Every structure is written in C-alpha cells, then in structure tokens.
Amino acid sequence: MGRFAIPKLGFLLFCCLAVVAESATYLKYKDPKQPVGVRIKDLMKRMSLAEKIGQMTQIERSVATPDVMKNYFIGSVLSGGGSVPAPKATPQTWINLVNSLQKGSLSTRLGIPMMYGIDAVHGHNNVYKATIFPHNVGLGVTRDPQLIKRIGDATALEVRATGIPYVFAPCIAVCRDPRWGRCYESYSEDPKIVQLMTEIIPGLQGDLPANSAKGVPFVAGKKKVAACAKHYVGDGGTTKGINENNTVISWNGLLSIHMPGYFSSVSKGVATVMVSYSSWNGKKMHANRDLITGFLKNKLKFRGFVISDWQGLDRITSPPHANYSYSVEVGVGAGIDMVMVPFNFTEFIDDLTYQVKHNIIPMSRIDDAVKRILRVKFVMGLFENPIADDSLVNQLGNQQHRELAREAVRKTLVLLKNGKSLNQPLLPLPKKATKILVAGSHADNLGYQCGGWTITWQGLSGNNLTSGTTILHAIKNTVDPTTQVVYSENPSADFVKSNKFSYAIVVVGEPSYAETFGDSLNLTISEPGPSTIYNVCRSVKCVVVVISGRPVVIQPYLSSIDALVAAWLPGTEGQGVADVLFGDYGFTGKLARTWFKRVEQLPMNVGDPHYDPLFSFGFGLTTKPKA
C-alpha cells in the first residue's frame, strides 16, 4: 500500500491547487480595463437562466432581505413613494440599508451588484431634511436649462449621500390637460420646453463624453446617478386627463408632441426609460412591442434598459393581475427589460422561467434584457464601487443646495396681475408698513407648499414633515423689524375691516396629491380659499399667491384681487417667494402652461383653434428689483 501513498498525495495536492487556481482565476467581467462589451459577453456566458431572470427583477425594499437578494439573484431594489428604512431616517441609516442588501447580492456565485432605485422627482423627496426643489410645473416656467442641470447635479449628490445610485427621474410628460393628477410632474404643455428641460439628465448623470455612440447610457462615477426618462410614451395626453388612461392621437401627433423629450433624453445618454401605464389608441404601452422594441430600441438606438412602472405588468389586464402569465408574456415580449414587480417576485420569476423553458419567450429576449441591465451597471461603475460610503452625507439638504432651490423658486413665480390699473402696481410690496395681514390655508403649511411626492407618496399637510421655510416665515424674515405681521388663516370680513391693515398677502391653493388621487374635473381652489380671498380682498389691498400643481379656476375672484402670483409647488425654500414679493428680485417667469377661464374649455393648449385663455401661454408680467 505504501507505494501508492505518494501518487495519491500528489493527486490530492494537484486537486487543491486546481481549486485555488480556479478561485484566483482572472475574470474578464471584473476587469475595469476591459471594454464594456467584452465584460458583458464574458459575464453573460457564465450566467444561468435563474441568474439572468433575477437581474430582470426589481423588488420593493419592504420584501428585500440579504437572503432574498442572494437566493433569487435579484437585480434591483426600489423604495416606493414614502418607503423608508425608518421614520426620519438619517443618511447613514439609508446607507446601512443599501449596503446590507448589496452584501447579499455580492455573496452570490458571480457577485453581480444590485442597483437601488428611488423616486427623486423634485430633489431627494422621500428623505427627511433633503432639499425639496420646485416641482417640474414651476421649473418649466424658467425655460432655463442650466438651472435645471444644476438642480440635477445637486439632486444626484443628495441621493448619493444616502448610498443610492439610481433615480426614477426626470418625468418628461407633456401634460396637455391640467385635469391630470400628474400635471405638476410635467414641465410644460409645449414639447420644446420639455426638450429643453432634459438638461437635468446630464446634471444627474454627468456630461456625455464627446465621442459617445448614440443611445449608449452614461453615468460619470460615484457622485452621479443613473436617470430614468418617464413615462414612455403619451402619459400626458390621456382623454380628459384621466391618469393611466388612453391617449388618442395620430402617429404624427405622438411624434411631434409626446416623443421629442425621448429624442433628447436618448441623445444625452439617459440610462433607463420607464414605460407608461397609459395606452396609445387603445393599446397598453406596457404591451406595445412596436413602440418599445421597434421604435425606442431599434429606431432611436436606445442601449440602456427599459423598466416597467410599479405593477406595470399586472395592469396590462383589466382588472389588474387577472392573467399574470399573459401579462408577463406580452410585457417582456414587448421589450421591457426590468420589471418593477414589486412585491410578489416569486410569481414573476416562476412565470418567466416557465415561459423561457417552454419557448414561449425566446432566450434571445432574455439575453437582450440582461445585456442592457449589465451595460448600465458596468457603465455606472457599480462593479468597482458596489458598497456605498458615507463621504457625501453632508450633501443632504446642505445650504448651497437650499440656496439653489431658493433661486429656482424666484424664477418659477409668474406675476399674472399687478394692480387694478396699470399705473398703480401693488408689487413689489413695501417692507416697511404699520401692520400687514398674512392669511390663507397655504401660508404656513410646508406640506402643501411641497406638494405630492414629498416624504410620502401623496404628500402631507402641516410643518412637521421635514426642514424648510414656510411663506409666512419667509415674510416675517423679510419685512422691516418695525412692521407688525398678523397671521390669520381664515379671517372674517369684519376682522379684516376693523384692523386697518396696510396690505394683505393671501396664500391659497390645492391640497397635496399624487397620481390618480389628483385627477380633478373641477380644478378648484380648496375651501376655505375662495372665502378667504373674498373676506380679505374686498376690504384691503391684497396679493393672492396660488400654491397649486396646475392652473386652477381663478376667474371668479380676479376682479377683487389686486395682484395675483402663480407660485406652483415651490418646495421647502419658501424664502424665494418673499424675495420676489418684496422686490429683492424681480418677477421674470412666463407661463409654460395655458391658464384657462373655465374647465369646460379643456383640453386647450397653445395653437389650438379654440384658444381663448384667461392668461395665455408665455404670459407673465415683470417687475424690476428695488434698488
């Protein structure tokens, strides 16, 4: 027996060395010096079907654990609106959440990192103490792409401060009917303004290198985030503005109104595109292969990945989830690469696996999806830097970003009326006065000022949601110390008459809302707003500031109002409103939306034959700053 011991020992040693060699083997896909195409190809050939389908699966934070990430090879996690690791979570708490899930992904056989996504649609809006910028409806007013780019840059830093590398923004909807509950997420009814505002993409992602091939995604490292142009396509054109409904328009109309923002986004290297819940001429966009694969991928040469909306596959059928296997077949078949499941991920994985194994969905479709997802992950440096650090935590809500948001607020304000006659303007207001009245439901309400998609999905009322400055506090900060500021939310006419105010500022508008909850057929100012306007403005010179996500019915009150300001949804930096009311800066904003007289006129957009607005697209009075 002894003579066999040495060969046996040698064989065992050989086996051990082979194992060590295998574990230390050079892996092309892990080498950042290799071209992205080579890395994708190398990784793809190593992946099993389960690993590929895992990459196509995006799940909600609430169902994600390190074990789930590891066992199902999950490619992405998201926070839905208001989904946070803890109330008032700090950046470090967010980073710990992201990293714990990431470690689950990195512990898999191939160690493919997951990407965490979040809605950062007006700043890092889910996160406590983040800077909340004006919503898009206001930003369109500025027609200032460089301002928008700076907002993108600041938002990227605040998102990265919490360890997150991917945002579901910008929304490049062209809202054609303000009855739509998402109209405030749209920059304008004019596709040219929406195209201008896609400059937020290089703000978020970084400037595209000069030699980039068309449609190839680009993200410039650890201080930038992957962006997402949404919702493809026609989301802002639905009948009567009904959310997720049907957009009835010709092919030429779709191309000229709803598609230009995507031409610009793809040319700027946007990493991802989200599909719309809505339909085009009766066909669900989530099932529209001609538009997703045929046009976006093949014609526009988009090389990033296409992601579904939240439960977007479920909603292909009516009622939702009525035939999920069918939804998976037509949704993935249409060209959707990553599916925002977001909860019941085993059902999605099982259905898709079955369909591939039974040749219902070809392997080539799966490979296309996974290549695109991996391309974005490689391009954004996720393989080299999968674990977030805390080096940027001081970026969240920092003073520089708040000053930028304040500047944006100033530029979003539109002066619609200034004095009952042209030669007697009310604005700018004098800072020095004996006694002034501030009234209205929105004067001291940070939640209303920020609107939906702030801390929670639907937004909140009140002042306890996050850090910021209400318009009331901004006024108090601005007036002369000798000026007495009286605040009464809804004063009686007698109170106003008996107090001999020098002038009044009335701040009214809409409550917070998001998506379908904001769909409105009447577009009225919330009660008691109208009675506040009447009680105040019939007794004292008044400026009315409207806080709303869209034009609202104002014509009945106009004759009793001395000055009227559209402030949209300005966000946390209410000081920007006072800056302009009191003349530290002039009014410069011009309407990027038509302001209707009556809702019966809707839809009514600039260029329509029946165009008869209260205030036309492009209107806005100007004032000069006080010397």
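UniProt positions are given here in the numbering used for this structure, feature names are shortened, and annotations may be inferred rather than shown by experiment. The model is predicted: local features need pLDDT of at least 70, side-chain atom pairs count only at pLDDT 80 or more, and totals for chains, interfaces and linings use all residues. Residues are numbered from 1 along each chain as its sequence is written, and side-chain values use heavy atoms, with hydrogens and water left out.

**Exercise 1. Place the annotated domains and describe each span.**

Step 1. Take the record. An unreviewed UniProt entry annotates "domain: Glycoside hydrolase family 3 C-terminal" over residues 413-622. The annotation "domain: Glycoside hydrolase family 3 N-terminal", also from an unreviewed entry, covers residues 49-376.

Step 2. Fix the terms. Helices (H or I, at least four residues) and strands (E, at least two) are DSSP runs, numbered from the N terminus.

Step 3. Read the content. Residues 49-376 are 40% helix and 10% strand, with end C-alpha atoms 20 Å apart. Residues 413-622 are 19% helix and 16% strand, and their end C-alpha atoms lie 10 Å apart.

**Exercise 2. Work out the strand order of the open sheet and find its edges.**

Step 1. Two strands pair if DSSP finds at least two bridges between them.

Step 2. The open sheet has 5 strands in the order 4-3-2-1-11, with parallel pairing. Its edges are strand 4 (166-167) and strand 11 (339-340), each pairing on one side only.

Step 3. Look at one pair. Strand 3 (residues 115-118) and strand 4 run parallel, joined by 2 bridges. Glycine 117 has tyrosine 166, in strand 4, as its bridge partner.

**Exercise 3. Show that the buried residues of helix 18 share a face.**

Step 1. Buried means under 20% relative accessible area, exposed over 50%, and partly exposed in between (1.4 Å probe, protein chains only).

Step 2. Helix 18 spans residues 471-478, and its buried residues are Ile471, Leu472, Ala474, Ile475 and Thr478. Down the helix axis they fall within an arc of 160°, so they line one face of helix 18. That arc is taken from the directions from the helix axis to the C-beta atoms.

Step 3. Recall the helix geometry. An α-helix has 3.6 residues a turn, so residues three or four places apart point the same way.

Step 4. Find the packing partners. Contact means heavy atoms within 4.5 Å. The buried residues of helix 18 pack against several elements, including strand 13 (435-439), helix 17 (446-450) and helix 22 (575-581).

**Exercise 4. Locate the nonpolar cores.**

Step 1. A nonpolar core is a set of buried Ala, Val, Leu, Ile, Met, Phe, Trp, Tyr and Cys residues joined through side-chain atoms within 4.5 Å.

Step 2. The largest core has 187 residues, and Tyr232 and Leu581 have the most contacts inside it. Another core, of 6 residues, lies apart from it and includes Val553, Phe596, Val599 and Leu602.

Step 3. Follow one residue. Beyond its neighbours within four places in sequence, leucine 581 is in contact with residues including Leu427, Ile505, Val543 and Phe587.

**Exercise 5. Compare three salt bridges.**

Step 1. A salt bridge puts a side-chain nitrogen of Lys or Arg within 4 Å of a carboxyl oxygen of Asp or Glu. The whole structure holds 31 of them.

Step 2. Aspartate 42 and arginine 46 meet at 3.1 Å, N to O. They sit 4 residues apart in helix 2 (residues 36-46), about one helical turn. Aspartate 42 is buried at 5% relative accessibility, and arginine 46 is partly exposed at 28%.

Step 3. Arginine 315 bridges to glutamate 244, with closest N and O atoms 2.8 Å apart. Both lie in loops, so the pair ties together parts 71 residues apart in sequence. Arginine 315 is partly exposed at 23%; glutamate 244 is partly exposed at 23%.

Step 4. Arginine 550 and glutamate 510 meet at 2.9 Å, N to O. Both lie in loops here too, so this pair ties together parts 40 residues apart in sequence. Arginine 550 is buried at 2%, and glutamate 510 is buried at 4%.

**Exercise 6. Describe the surroundings of valine 332.**

Step 1. Valine 332 lies in helix 13. Its relative accessible area is 0%, so valine 332 is buried.

Step 2. Leaving out residues up to four places away in sequence, valine 332 touches Met56, Ser327, Phe348, Leu352, Ile361 and Arg365.

Step 3. Arg365 also belongs to a salt-bridge network with Lys297, Asp337, Asp368 and Arg372.
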